[in-house]
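Here's a quick walk through some side-chain contacts and a helix packing, with the cut-offs spelled out as we go. Have the structure open while you read.

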Amino acid sequence: MRKKWKVFVRAVCYTARDMPAIWPLTVLTAALEAVMPYIQIFLSAAILSELTGASRDMQHLFFLAVLMTGLEFLGSALLQFCNQALDLQQYILMQHLDRAVAEKAWRMDYKLLCDPKIHGQKKTINNWQYEHGMVAMITQFRNLFRALVTIGISAALTIEFFAARAEGGGMARFLNHWSFPGVFLLLFALVTVYNIWSASGIQKGTYRVTKETEGSSNQRTELMKSCCAQYQQGKDVRIFHEQRILAQKFESLNDTIADLWEKAGASFRRLSVSSVLLSRLFHLFVYAAVGLKAVFRAFDVGNLLKYTGMVTQLGDGVTLLFHTIRDMVQNIRYLEDYFSYQETPNRTADAVLPVTQEIRDNYEFEFRHVTFTYPGAAAPSLSDVSCRFRKGEKIAVVGRNGSGKTTFIKLLCRLYDPQEGQILLNGTDIREYRYEEYLQLFSTVFQDYRIFAFTLGENVAAESEYDREKAVRALENAGFASRLRTLKDGLDTQLFKNFSEDGVELSGGESQKAAIARCLYKDAPHAVMDEPTAALDPVAEADIYQRMNRFIQGKGAVYISHRLSSCHFCSRILVFEGGRLEEQGTHEELLEKHGLYDRLWHAQAQYYRSA
Ligand code: ADP
């Protein structure tokens, strides 16, 4: 329980730090909302008392009418201003939270990013950020303050009401007796306890169903995003008539979600109806009590209006209080989920060793008996891999599909850590180097590289402010020069049509060249390329390899390539098979061995000959 309240306190502190004006505004808005109805209740009661009283002072009446109009005008205007300001604050808070969730995803360890549990957690947060969590907490506190102020004023009026003495005997004596407020308080307590019980039942049920439907809701969002929201998927959907399977999947997910809510809905309805019914019966009792006291001349007609108004306000205040408490208790779990996601620890954050310029100038990597299994996978994707390579060496990594080549470079770039063995940089485990600095060693073109819907120049430089000459040079070296000349906006050409009608679509080969240009622009000491030319025709491929070769002169490089002919220029070739490093050596050495490389080489040579 204490832990839960701590989460609340943290959320309040977080929002207060992020948006300092949000809490004063919340309190002010709530106070205004609570007080406004009483201005009308008090002043119209006073006007009615004056009208029905003996003296009927017109000047006083006029004053009361002007005061009521003036206060109501001022209060409404101020309330509107506060409402709008608070809405804006909540909107900005939402933007900040959205950004914080995205930023966490950008910065978390890659291994965690790929973890289905964390992925699901992030999606769930994104899905309910608008209805629950910190933004909702502000609205709940506003309702809580409002309920408390309302109940406070109503409670003061209630005391005044009980203190007013009825005149006469019989019933009047009972109305003046202590047992009358006693019955009132008892009924009030009973209704309150029942309301709390039913509210907490609904709250627990809602959270349970939300959790039960979470997987299906996330799947539905994913389906919407990956199949319907991006036009790039439109081709396959049409050619393969995937509309049918999409519709079926949507329907099945919707049915699952609706069924679960439907089942829970019946018990929610029972609880809500019984709680409303009890509250109304209690109101009826209080109306009767106020009416009786007026009949026995405990107060005048004006006060009758005031005390019946009090009952409405007290009822509303109490109902609001319970609903708010229910929402707040429910929201704690969402806040916990948010903080738990945000605080998922990065293992890479512990490293403290700097990657010095000395290391960048003269480095050597060593894989020492490295074994790695992907999370959840049954068998290792790399087994007992040992090899060394240093600055200046160009290493080719070859092997059949699924032999572990990409996994090898993912480990080199520390996207994952091996379970057994070590990867060393100049003799020190790479886990000891500061992660950001370690990553600065690499320029990469991954097989599943992404070019973003930014401008061409921004994509190449991975920055908004960049060296334009260097970007053009990188594009030229990546074989993009002729395409660049056709773009009227040059580096400022917006890519893809996601954000702009004039966005330019790149072909597969052109995208790959842009990705190579990004790799060249970064100009890191070590290039890592996974099938960097798979989408290029053989002429373009030969041309790019030649240029890249010149460019990475003196640096280190690891290339994965299916086309063994393009490995010729590498100083060493690593041959993978079934996650093991089967052979390594120069092209000539490996051919002489008559092993796997020799077989692959001849198979490909045959293919090219027959082609
Ligand atoms: P290659 O690059 O040689 O084609 P990979 O290194 O991509 O091979 O994959 C090696 C093995 O690891 C394959 O069996 C593949 O299915 C598996 N694998 C790759 N990525 C993952 C992943 N994220 N989770 C589980 N298994 C994976």
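Let's start with Glu366, which is buried because its relative accessibility is 13% (buried is under 20% relative accessible area, exposed over 50%, partly exposed in between, with a 1.4 Å probe and protein chains only). Before going further, a word on ground rules: this is a predicted model, where local features need pLDDT of at least 70 and side-chain atom pairs count only at pLDDT 80 or more, while totals for chains, interfaces and linings use all residues. Residues are numbered from 1 along each chain as its sequence is written, and side-chain values use heavy atoms, with hydrogens and water left out.

**Salt bridges**

Side chains of opposite charge can pair when their charged atoms come close. The rule used here asks for a side-chain nitrogen of Lys or Arg within 4 Å of a carboxyl oxygen of Asp or Glu, and it gives 23 salt bridges. Three of them go in the table.

| Pair | N to O distance | Citation |
|---|---|---|
| Glu366 and Arg368 | 3.2 Å | closest N and O atoms |
| Arg431 and Asp429 | 3.2 Å | closest N and O atoms |
| Arg468 and Asp492 | 3.1 Å | N to O |

How exposed are the partners? Arg368 has a relative accessible area of 36%, so it's partly exposed. In the next pair, Asp429 is buried at 8%, while Arg431 is partly exposed at 26%. For the third pair, Arg468 comes out partly exposed at 41%, and Asp492 is partly exposed too, at 42%. That third pair links distant parts of the chain: Arg468 is in helix H16 (residues 468-477) and Asp492 is in the loop between helix H17 (481-486) and helix H18 (508-522), 24 residues apart. Helices here are DSSP runs (H or I, at least four residues), numbered from the N terminus. Elsewhere, salt bridges that share partners tie Glu364, Glu366, Arg368, Arg388 and Arg390 into one network.

**Aromatic rings**

Rings of Phe, Tyr and Trp (its six-membered ring) pair if their centres lie within 6.5 Å; planes under 30 degrees apart are stacked, over 60 edge-to-face, and the rest tilted. A search of the whole structure turns up 34 such aromatic pairs. One of them joins Tyr338 and Phe339 edge-to-face, at 5.6 Å centre to centre with 75° between the planes. Both Tyr338 and Phe339 are buried. Tyr597 and Trp601 are stacked instead, with 6.4 Å between centres and 15° between planes. These two sit about one helical turn apart because they're 4 residues apart in helix H21 (residues 596-610), and Tyr597 and Trp601 are both buried.

Ring pairs also build a cluster, whose members include Phe161, Phe162, Phe174, Phe282 and Tyr307.

Charges get involved with rings as well. A charge sits over a ring if NZ of Lys or CZ of Arg is within 6 Å of the ring centre and within 35 degrees of the ring normal. Arg10 does this with Phe339, its charged end lying 4.1 Å from the ring centre. Lys293 does it with Phe161, at 5.1 Å from the centre.

**A helix crossing**

Tyr338 turns up again where two helices pack. The axes of helix H3 (residues 58-107) and helix H11 (residues 301-342) come within 10 Å and cross at roughly 40°. Axes are lines fitted to C-alpha atoms, for helices over the stretch in contact, and angles run from 0 to 180 degrees between N-to-C directions. H3 is therefore oblique to H11, given that under 35 degrees counts as roughly parallel, over 145 as roughly antiparallel, 65 to 115 as roughly perpendicular and the rest as oblique. On the H3 side, the contact (heavy atoms within 4.5 Å) is made by Leu97, Ala100, Val101, Lys104 and Ala105, and on the H11 side by Tyr338, Tyr341 and Gln342.
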